[in-house]
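Please consider the following model and the questions that a computational chemist might put to it.

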Amino acid sequence: MVLSVTAANAFIDSYTISRDKLPEEAQKMLDEYFPKAKIGMIKVDRHLLKKTDYDVRLTNGTTIEFSNKGKWTSVNCGKKELPEGLVPKTVMKYINKNFSDVKVVSIKSRNAGYDIGLSDGVMLRFNLLGQYKGVIEIEE
């Protein structure tokens, strides 16, 4: 009985605001791209079959998801522009040429590339080489 309770507790999500609970790579990313931002909350997601991941909410409203190793998997700045450097150069070049009147406000890293959110609500998909693959239809 005690063993099953202990095992169940090992997979309960926890919350913290301590930056040092994040993997080193995640801390470096925050220092580089969000140096002045304060952490509002960190949710440590523990999964039974999947590795732990981290959901970080900054006090400015930005949300960042990190893998168990500390690599960012998604960044959403709400209505604010993503920090320069988070979006691959080839992707930014395409967006600046074809969508010059909008800002990039979110990015999600996928196995096959990136999903980019624009300030007008449009989501674009790019492959790992930064080649445009189309608009993503968002289901309401």
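The exchange below treats the fold, the sheet, the helices, the core and the aromatic rings.

Reader: On what basis are residues numbered and local features accepted?

Author: This is a predicted model, in which local features need pLDDT of at least 70, side-chain atom pairs count only at pLDDT 80 or more, and totals for chains, interfaces and linings use all residues. Residues are numbered from 1 along each chain as its sequence is written, and side-chain values use heavy atoms, with hydrogens and water left out.

Reader: What pattern does the protein follow along the sequence?

Author: Helices (H or I, at least four residues) and strands (E, at least two) are DSSP runs, numbered from the N terminus. The protein has three helices and nine strands. Read along the sequence, they give α-β-α-β-β-β-β-α-β-β-β-β.

Reader: Which strands are the edge strands of the sheet?

Author: Two strands pair if DSSP finds at least two bridges between them. Nine strands form an open sheet with antiparallel pairing, in the order β1-β2-β3-β4-β5-β6-β7-β8-β9. Pairing on one side only marks the edge strands, β1 (14-16) and β9 (132-136).

Reader: Which residue in β5 is the bridge partner of E65?

Author: Strands β4 (residues 63-66) and β5 (residues 72-76) run antiparallel and are joined by four bridges. Within β5, E65 has as its bridge partner S74.

Reader: At what angle does helix α2 run to β4?

Author: Axes are lines fitted to C-alpha atoms, for helices over the stretch in contact (heavy atoms within 4.5 Å). Angles run from 0 to 180 degrees between N-to-C directions. Helix α2 (residues 24-33) lies across β2 (39-45), β3 (53-58), β4 and β5, and its angle to β4 is about 150°.

Reader: What angle does the direction of α3 make with that of β8?

Author: Helix α3 packs on the sheet, where it touches β6 (104-110), β7 (113-118), β8 and β9. Its direction and that of β8 make an angle of about 140°.

Reader: Which residues touch the most other members of the largest nonpolar core?

Author: A nonpolar core is a set of buried Ala, Val, Leu, Ile, Met, Phe, Trp, Tyr and Cys residues joined through side-chain atoms within 4.5 Å. Buried means under 20% relative accessible area, exposed over 50%, and partly exposed in between (1.4 Å probe, protein chains only). Not counting residues up to four places away in sequence, F34 touches M29, L58, T62, I64, V75, C77, P83 and L86. In the largest core, of 31 residues, those touching the most other members are F34, V75 and I116.

Reader: Is F126, which pairs with Y94, buried or exposed?

Author: Rings of Phe, Tyr and Trp (its six-membered ring) pair if their centres lie within 6.5 Å; planes under 30 degrees apart count as stacked, over 60 as edge-to-face and the rest as tilted. Y94 and F126 form an edge-to-face pair, 5.6 Å centre to centre with 75° between the planes. This pair links Y94 in helix α3 (residues 89-98) to F126 in strand β8 (residues 123-127), 32 residues apart. Because its relative accessibility is 0%, F126 counts as buried.

Reader: Which residues form one aromatic cluster with Y94?

Author: Y94 is partly exposed, with a relative accessible area of 25%. Its pair with F99 is tilted, at 6.4 Å centre to centre and 50° between the planes. The bridge partner of F126 in β9 is Y132. The cluster joins Y94 with F99, F126 and Y132.

Reader: Which residue in the turn between β8 and β9 has a positive phi?

Author: Four bridges join the antiparallel strands β8 and β9. The two strands form a hairpin with four residues between them. The turn residue with a positive phi, of about 85°, is G130.
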